[in-house]
Amino acid sequence: MINLLLFPIIIPFLFAIVLLFFKERIVLQRVLAAVGLIAALAASLFLVYTVKQDGVQTITLGSWPAPFGISMVSDMFSALLVTTTIIITLLVVIYSYTSTGEAREHYFYYSAILFMVTGVNGAFTTGDIFNMFVFFEVLLIASYVLIVLGGEKRQLRESIKYILINVVSSALFVITVAYLYSVVGTLNMADISVKIAEIGQPGIITVIAVLMLIVFGIKGSIFPLYFWLPGSYAAPPIPVLALFGALLTKVGVYAIMRTYTLFFVHQTDFTHGLLMVLSILTIIAGCIGALAYFDLKQIVIYNIVIAVGVILFGAAQMNESGLSGAVFYLLHDMLIKGALFFLIGMIIYVTGTSDLRKMGGLMKTHPSLGWFYLIAAFGLAGIPPLSGFIGKLLIVEGAFQADHIWGSIVVLASSLVVLLSVIRIFIYAFWGEPQALPSVERKPYRGMMVPTVVLVVLSVLYGVGTEWLLPYMTDASNVLLQPSIYIDAVLKE
Amino acid sequence: METLITLLVGVLVTIAVYLLLSKNMIRVILGTAILSHAIHLLILTMGGLKKGGVPLIQGESGSYTDALPQALILTAIVISFAVTAFLLVLAYRTYKETGSDNLDALRGVNDE
């Protein structure tokens, strides 16, 4: 089963193509999308098991020897990310059944989702820098379709901005790849790492490192480059927003973590110092935004920015605690952001508004929604038995080991702000006097509740089962800590 | 030769940035097109502009030019072509919907 690591990419791709043929048959679309994702989930779980047993899995397409063909590499880090991606997408698809509306489902909605998953999984798995660019474009073009699908005025307006920002950042990505190619003369990531080690990271490589930070920083929304995110993410409907919030920025974060642990490891003072300063500023900017709004969507969107900052702060420490904390927190954040967007989607569905000041007293009418929201909010803030705790603990521990006390104080203080921002939603929406709910005829929201409950329960299990997950996380952070494992796996022949 | 092309790329990027910062939607899209021209030229230059045969194996030419950047450019061209087509249709649709091609008229965010 040497092709195993391609299955999580190819299966959604094939199903996306098949779905193109049944535009009008919504039930078939729904079933096939779910079936495809379940098959991909099975493949990716088996992939995690295989990577755990046999170490890093690699395959070079077309049987060309390693630096000459395109390598696909699945280490524990990317295998776990692929699995989480597929879980979240599967739940988003199920959530979409009741919340998207048939008008959108008629126009290749599920195909676009599956194409996007293809791109995300490909970007997580590839071992070739230009191939990563191509997979970025696959996921970006699918996301353009998803963000504009429906054609409301607001969506049109925001998607123009979103597409322009991404066109510019893709152009910068190509420029960076061109510079890197002219310096090292190769595109294979393991080979690039070897070549950079041979020439000992001269100044031009540091320039390229900063360029990569800019490119992936635009995708992953770090401090001065996050300006596009709040507007664009507020435009599409909730399931698409959940998909974007849980997956897209994390691809940028993954790319930063991969390049900064594999390529640019010889002069970490400047590059990783810069990454650390920017991540702290990202956290602060996100905190300001999360407290500033009375809009449900904006509060959670700014929480994405905070989480990106926390993950990159952990990654910038370059020690064992910091990196494994970053891996823990990255997976936690994908799950919990999906869950939070699902939950606020239901609150908006029930109350008919996303303005906090116009709602109240939902605890009396929708108690189960309230309790699940509370669990998710505590999980996001990192209350100990829940999922956000261990990642942040390790990140702070790593920062203390690396003597970055101020940074870790900011991270800890940001937890309070995060908690305050999501509890404010709880207080405004669930406590107080019940407001008159809009009396339009509505379907029950049970169809949305099921995937939400599954996701919240998964995040709780993620927190409770930390001990059981630890060996997987250790494998993931070991590859990041020791690039030689990755390089040997790719260039072994 | 590389210096000359690099200067040209610099000029193209300057024009592209100027156009991207303008208010007219079509000018902005033209800016993205010029930006993609610039980066394609840049890939070609960064691969080296040494003299050599076209990379087609026929007969015994001494050396060939680097074939890899050409494949990269071909990929980047079709991607930017697709994105530009999408962007043009989106601009058309936005014009139909809002009746304006001025990007300032597309603000309308009611922040508190």
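This report describes a predicted model, beginning with the contact between its two chains, A and B, and then turning to strands, salt bridges and single residues within chain A.

## Where chain B meets chain A

The contact between the chains draws on 31 residues from chain B and 32 residues from chain A. The size of an interface is often given as the accessible area lost when the parts come together. For chain B and chain A this buried area is about 2800 Å², and carbon and sulfur atoms give 82% of that area. On the side of chain B that touches chain A, helix H2 (25-46) and helix H3 (68-98) of chain B each supply at least two residues, and H3(B) gives the most, with 13 residues. Sorted by kind, the residues on this side of chain B comprise 19 nonpolar, 6 polar and 6 charged.

How many salt bridges cross the interface of chain B and chain A? The rule finds 0 salt bridges there, and the count of residue pairs in polar contact between chain B and chain A, taken where both residues are at pLDDT 80 or more, is 1.

## Two paired strands in chain A

Strand S1 (residues 57-60) of chain A and strand S2 (residues 71-74) of chain A run antiparallel, and 4 bridges join them. Two of the facing pairs can be followed by name: A:Thr58 stands opposite A:Val73 in S2(A), while the bridge partner of A:Ile59 in S2(A) is A:Met72.

In a regular strand the side chains alternate between the two faces of the sheet. In S1(A), A:Gln57 and A:Ile59 point one way and A:Thr58 and A:Thr60 the other way, and all of these residues are buried. Strand S2(A) is likewise covered on both faces, with A:Ser71 and A:Val73 buried on one side and A:Met72 and A:Ser74 buried on the other.

## Salt bridges, across the chain and within a helix

Over all chains the structure holds 13 salt bridges. One of them joins A:Lys52 to A:Asp475, whose closest N and O atoms are 3.2 Å apart. This pair links distant parts of the chain, since A:Lys52 lies in helix H2 (residues 26-54) of chain A and A:Asp475 in helix H20 (residues 466-481) of chain A, 423 residues apart. Both partners are partly exposed: A:Lys52 has a relative accessible area of 27%, and A:Asp475 has a relative accessibility of 23%.

A further salt bridge brings together the side chains of A:Arg104 and A:Glu152, at 3.2 Å from N to O. Because A:Arg104 belongs to helix H4 (residues 102-105) of chain A and A:Glu152 to the loop between helix H6 (129-148) and helix H7 (153-184) of chain A, the pair ties together parts that are 48 residues apart in sequence. Here A:Arg104 is buried, with a relative accessible area of 14%, whereas A:Glu152 counts as partly exposed at 42% relative accessibility. In the salt bridge between A:Asp191 and A:Lys195, which has an N to O distance of 3.2 Å, both residues lie in helix H8 (residues 189-199) of chain A, 4 residues apart, or about one turn of the helix. A:Asp191 is buried at 10% relative accessibility, while A:Lys195 is partly exposed at 27%. Salt bridges that share partners also join A:Arg157, A:Glu158 and A:Lys161 into one network.

## Two buried residues of helix H7

Is A:Gln155, a residue of helix H7 of chain A, buried or exposed? A:Gln155 is buried, because its relative accessible area is 0% and the limit for a buried residue is under 20%. The side chain of A:Gln155 reaches the backbone oxygen of A:Leu149 at 3.1 Å. Leaving aside neighbours within four places in sequence, A:Gln155 is in contact with several residues, among them A:Arg104, A:Ala235, A:Pro236 and A:Pro237; A:Arg104 is also the partner of A:Glu152 in a salt bridge.

A:Arg157, which takes part in the network with A:Glu158 and A:Lys161, likewise has its place in helix H7 of chain A. A:Arg157 is buried, with a relative accessible area of 13%. Between A:Arg157 and A:Leu140, which are 17 residues apart along the chain, the C-alpha atoms are separated by 17 Å.

Note on methods
Residues numbered from 1 in each chain as written. Chains lettered and ligands numbered in written order. Predicted model: local features only at pLDDT ≥ 70, side-chain atom pairs only at ≥ 80, totals over all residues. Heavy atoms only, no water. Contact = heavy atoms within 4.5 Å. Buried area = accessible area lost by both parts, 1.4 Å probe. Salt bridge = Lys/Arg side-chain N within 4 Å of Asp/Glu carboxyl O. Polar contact = N/O pair within 3.5 Å; in protein donor to acceptor, adjacent residues only side chain to side chain. Nonpolar A, V, L, I, M, F, W, Y, C, P; charged D, E, K, R; others polar. Buried < 20%, exposed > 50% of the residue type's maximum accessible area, 1.4 Å probe, protein only. Pairing = 2+ DSSP bridges.
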